[in-house]
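Trainee: Please choose one part of this model and take me through it slowly, together with the parts of the chain around it. I would like to see how the pieces fit together.

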Amino acid sequence: MADTDDKRKLLANPLHGIVIPIGLLLFGTWLFSWSYMPYTIAFIIIICSIQYYLATQRRSSMHQTIWRDFELIDRTMVAPMTAIYRFKLGREDEILDIPTGHHLSCVFTIDGKDELRYYSPISNQFDAGFFDILVKHYPHGKVTSKLASVQIGQTVKFRGPVGTLDYTPNETKTLGLIAGGTGITPILQVITKVITNPEDKTELKVIFACQTPNQILLKSELDSIAEKYPKLSVYYTVDNPSEEWTGGVGYVSKEMIKTMFDDKENTKILMSGPPAMKSHINGLLDELDWDKEKVFYF
């Protein structure tokens with residue numbers, strides 16, 4: 001529903017909140033007495049100045065095109081070579097409000113060249129004053145090595161959001177979500193968006209693939225959500241299982257997709273993972289004659 005369709009938000013619209021009231025005030029002053037017009041104009045200037053100041057205080061500290069510095073306030077290792085980085089927003093009550101499934105750009109200048117990487121925040125729309133990103137470190141990763149060297153209290157440059165996913169609640173009966181490694185981060189964004197909207201009845205089915213059981217990121221969070229929300233089911237598969245492992249084994253297969261996403265006509269697939277995995281999944285979906293209009297790759 002558009003803002004102008006919600007009567008409670010009319011004053012947030014410049015036409016109704018500023019232009020019309022000013023016009024009525026000027027017209028009323030003109031009818032009453034022209035001599036009061038200078039006072040009316042002065043009053044309007046004061047009110048507009050206050051509104052402008054309040055608007056600047058409420059605006060997001062994250063800009064879509066301008067790089068801004070954000071202070072690192074915490075770093076938590078959650079798996080081998082993988083950590084959650086927490087960055088401070090401009091205000092304690094500020095919430096990072098970005099579209100579902102979108103990313104933030106991070107940049108470091110290395111050897112005179114700007115190196116960009118994209119990370120999906122894993123903090124939700126109720127986390128105020130900070131945002132979290134999940135980062136897997138690679139031995140020769142330029143940006144991840146720089147991130148690892150950032151100390152608490154130092155800053156990193158971000159901008160955003162970036163992305164093309166246009167998620168609409170209830171646009172499909174089922175969302176088939178396929179993730180590999182840190183590709184779980186935009187998938188988690190989608191899950192959070194669906195389960196926090198009581199009007200969204202979309203069923204969520206997740207296939208999450210990793211190399212080993214201890215590399216399954218955010219497993220406790222996913223399992224906790226699945227316990228509370230029956231419309232979410234998660235299937236884990238690993239390349240190298242441990243003796244105690246009871247989940248799937250091996251790469252994502254046609255059988256896994258057919259079993260998890262059994263209602264082909266009413267399922268849209270969102271997939272996020274490394275390039276080799278995307279190519280593999282794309283090949284499987286071709287073999288299954290999956291409608292490409294119902295597939296989105298992050």
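Trainee: How many nonpolar, polar and charged residues make up the lining of the second largest pocket?

Mentor: The lining of the second largest pocket divides into ten nonpolar, seven polar and three charged residues, where Ala, Val, Leu, Ile, Met, Phe, Trp, Tyr, Cys and Pro count as nonpolar, Asp, Glu, Lys and Arg as charged, and the others, Gly among them, as polar. Before going further, keep in mind that this is a predicted model, in which local features need pLDDT of at least 70 and side-chain atom pairs pLDDT 80 or more, while totals for chains, interfaces and linings use all residues. Residues are numbered from 1 along each chain as its sequence is written, and side-chain values use heavy atoms, with hydrogens and water left out.

The second largest pocket has a volume of about 470 Å³. Of the 20 residues that line this pocket, Leu-96, Asp-97, Ile-98, Gln-125 and Lys-193 are the closest to its centre. A pocket here is an open set of points on a 1 Å grid over the protein atoms alone, where a 1.4 Å probe fits, with protein on both sides within 12 Å along at least five of seven lines, and a lining residue has an atom within 4 Å of a point. The volume is the space filled by probe spheres set on those points, which are joined across faces, edges and corners.

Because domain 2 (68-162) and domain 3 (174-297) both give residues to the lining of the second largest pocket, this pocket lies between them; the domain bounds come from an automatic or database assignment.

The largest pocket makes a useful companion, with a volume of about 1100 Å³. It is lined by 39 residues, and those that lie nearest its centre are Tyr-138, Gly-180, Thr-182, Gly-273 and Pro-274. Its lining, too, draws on both domain 2 and domain 3, taking at least three residues from each. Helix α7 (275-287) supplies the largest share, five residues, and β4 (113-119), β5 (130-136) and α3 (142-149) are among the other elements that each supply at least two. Helices (H or I, at least four residues) and strands (E, at least two) are DSSP runs, numbered from the N terminus. By type, the lining of the largest pocket holds 19 nonpolar, 15 polar and five charged residues.

Now turn to the two sheets. One is an open sheet of six strands in the order β4-β3-β6-β1-β2-β5, with antiparallel pairing, and two strands count as paired if DSSP finds at least two bridges between them. Its edge strands, β4 and β5, each pair on one side only. Neighbouring strands of this sheet are turned by 40° against each other on average, direction ignored. Helix α3 packs on the sheet, touching β1, β2, β3, β4, β5 and β6, and its direction makes about 85° with that of β3. Contact means heavy atoms within 4.5 Å, and such angles run from 0 to 180 degrees between N-to-C directions of lines fitted to C-alpha atoms, for helices over the stretch in contact.

Within this sheet, six bridges join β1 (residues 68-79) to β2 (residues 82-88), with Thr-76 opposite Ile-84 and Asp-74 opposite Arg-86. The two strands form a hairpin with two residues between them, and Met-81 in the turn has a positive phi of about 65°. On β6, Val-156 stands opposite Phe-70, and the antiparallel strands β1 and β6 are joined by four bridges. Strand β6 also holds Pro-161, which a cis peptide bond joins to Gly-160, with omega at about 10°. Most residues other than glycine have a negative phi, and most peptide bonds are trans.

The other six-stranded open sheet has parallel pairing and the order β10-β9-β8-β7-β11-β12. Its edge strands are β10 (248-249) and β12 (295-297), each paired on one side only. Seven bridges hold β7 (residues 174-180) and β8 in the parallel sense, and Ala-179 has Phe-208 in β8 as its bridge partner. Helix α5 (residues 219-228) packs on this sheet, touching β8 and β9, with its direction at about 145° to that of β9. Helix α7 lies across β7, β8, β11 and β12, running at about 170° to β12.
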